[in-house]
Amino acid sequence: MKRLIEQLLKFGVVGVLAFFIDYGLMVLLTEVFSVDYLVSATISFVVSVVFNYLASMRYVFRHREGLTRRREFAIFVVLSVVGLLLNDVLMWLGTDLASIDYRITKIAVTFLVAVYNFVTRKVFLDAGSETESETEGQP
């Protein structure tokens, strides 16, 4: 349980940094360069995913034995593409259908996509469950 709490905290720090990259770039592209909000949300999401992969796999999740870095990255990308689809659909629903400002919508969407990201990355990429049973009971 201690490992999970520590992992959630690290995921939160990485997530906050990724959010600032994602949100800041989205607003910059939309407000300064007049890029459509959905296009800028997509671009900023992709940039933040690259950062998130590098930081998450270094500081949050443990590398699984038998999983090559290439396959690990491929799984990460597939999970991120689903996250991107969730991001864009929820952005569209909140902004175009519900008429909520795209900046407010992005904050809510980020939280929902972050939950999806943690759960799927924990299940598909983290070796924690493989090594936790070995270290359980050790101080």
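A residue counts as buried when its relative accessible area is under 20%. By that cut-off S44 is buried, because its relative accessibility is 0%. The model examined here is predicted. S44 is found in helix 2, and this helix recurs throughout the description below.

The overall architecture is helical. The protein has five helices and zero strands. Read along the sequence, the pattern is α-α-α-α-α. The C-alpha trace spans about 55 × 30 × 25 Å along its principal axes. Of the 139 residues, 37% count as buried. The accessible surface comes to about 8,300 Å². Carbon and sulfur atoms account for 71% of that surface. Contacts reach far along the chain: among those between residues at least 6 apart in sequence, 74% join residues at least 24 apart.

Helix 2 covers residues 37-60. A straight helix of 24 residues would span 34 Å at 1.5 Å a residue. Helix 2 spans only 30 Å between its end C-alpha atoms. Its N-terminal end is capped by D36. A side-chain oxygen of D36 lies 3.1 Å from the backbone nitrogen of L38.

Two serines of helix 2 are buried. S40 is found in this helix and has a relative accessible area of 0%. Leaving aside neighbours within four places in sequence, S40 is in contact with M26, L29, T30 and V35. S44, also in helix 2, is in contact with D22, L25 and M26 under the exclusion of neighbours within four places. M26 thus appears in the contact list of S40 and in that of S44. An α-helix has 3.6 residues a turn, so residues three or four places apart point the same way. A polar atom of the S44 side chain lies 3.1 Å from the backbone oxygen of A41.

A41 also takes part in the surroundings of N87. N87 lies in helix 3, residues 69-97. N87 is buried, with a relative accessible area of 1%. Not counting residues up to four places away in sequence, N87 touches A41, F45, K106, V109 and V113. The side chain of N87 makes a polar contact with the side chain of D88, at 3.0 Å. The C-alpha atoms of N87 and F124 are separated by 20 Å. These two residues are 37 apart along the chain.

The nonpolar interior was examined next. In soluble globular proteins, nonpolar side chains tend to be buried together. The largest nonpolar core here holds 23 residues. Within this core, M57, F61, F76, M91 and L125 touch the most other members. Helix 1 (2-32), helix 2, helix 3 and helix 4 (102-124) each supply at least two residues of the core. Helix 2 provides the largest share, eight residues. The surroundings of L125 include charged and polar residues as well as nonpolar ones. Leaving aside neighbours within four places in sequence, L125 is in contact with M57, R62, R64, L67, E72, I75, F76, L79 and T120. Both M57 and F76 in this list are also among the core members with the most partners.

Aromatic residues add further links. A search of the whole structure finds eight aromatic pairs. One of them joins Y53 and F76 in an edge-to-face arrangement. Their ring centres are 4.8 Å apart, with 70° between the planes. Y53 lies in helix 2 and F76 in helix 3, so the pair ties together parts that are 23 residues apart in sequence. Both partners are buried. Y53 has a relative accessible area of 11%, and F76 has one of 0%. Separately, F11, F61 and F118 form one aromatic cluster. F61 is also one of the core residues that touch the most other members.

Two loop serines have positive phi values. S34 lies in the loop between helix 1 and helix 2. Its phi is about 55°, although S34 is not a glycine. S34 is exposed, with a relative accessible area of 63%. S99 is placed in the loop between helix 3 and helix 4. Phi of S99 is near 60°, again a positive value in a residue other than glycine. S99 is likewise exposed, with a relative accessible area of 62%. These loop serines are exposed, whereas S40 and S44 of helix 2 are buried.

Note on methods
Residues are numbered from 1 along each chain as its sequence is written. This is a predicted model: local features need pLDDT of at least 70, side-chain atom pairs count only at pLDDT 80 or more; totals for chains, interfaces and linings use all residues. Side-chain values use heavy atoms; hydrogens and water are left out. Helices (H or I, at least four residues) and strands (E, at least two) are DSSP runs, numbered from the N terminus. The expected span of a helix is 1.5 Å times one less than its number of residues. A polar contact is a pair of N or O atoms within 3.5 Å; within protein, one must be able to donate a hydrogen and the other to accept it, and residues adjacent in sequence count only if both atoms are side-chain atoms. Buried means under 20% relative accessible area, exposed over 50%, partly exposed in between (1.4 Å probe, protein chains only). Contact means heavy atoms within 4.5 Å. A nonpolar core is a set of buried Ala, Val, Leu, Ile, Met, Phe, Trp, Tyr and Cys residues joined through side-chain atoms within 4.5 Å. Accessible areas come from the Shrake-Rupley method with a 1.4 Å probe; for residues, only the protein chains shown count as cover. Rings of Phe, Tyr and Trp (its six-membered ring) pair if their centres lie within 6.5 Å; planes under 30 degrees apart count as stacked, over 60 as edge-to-face and the rest as tilted.
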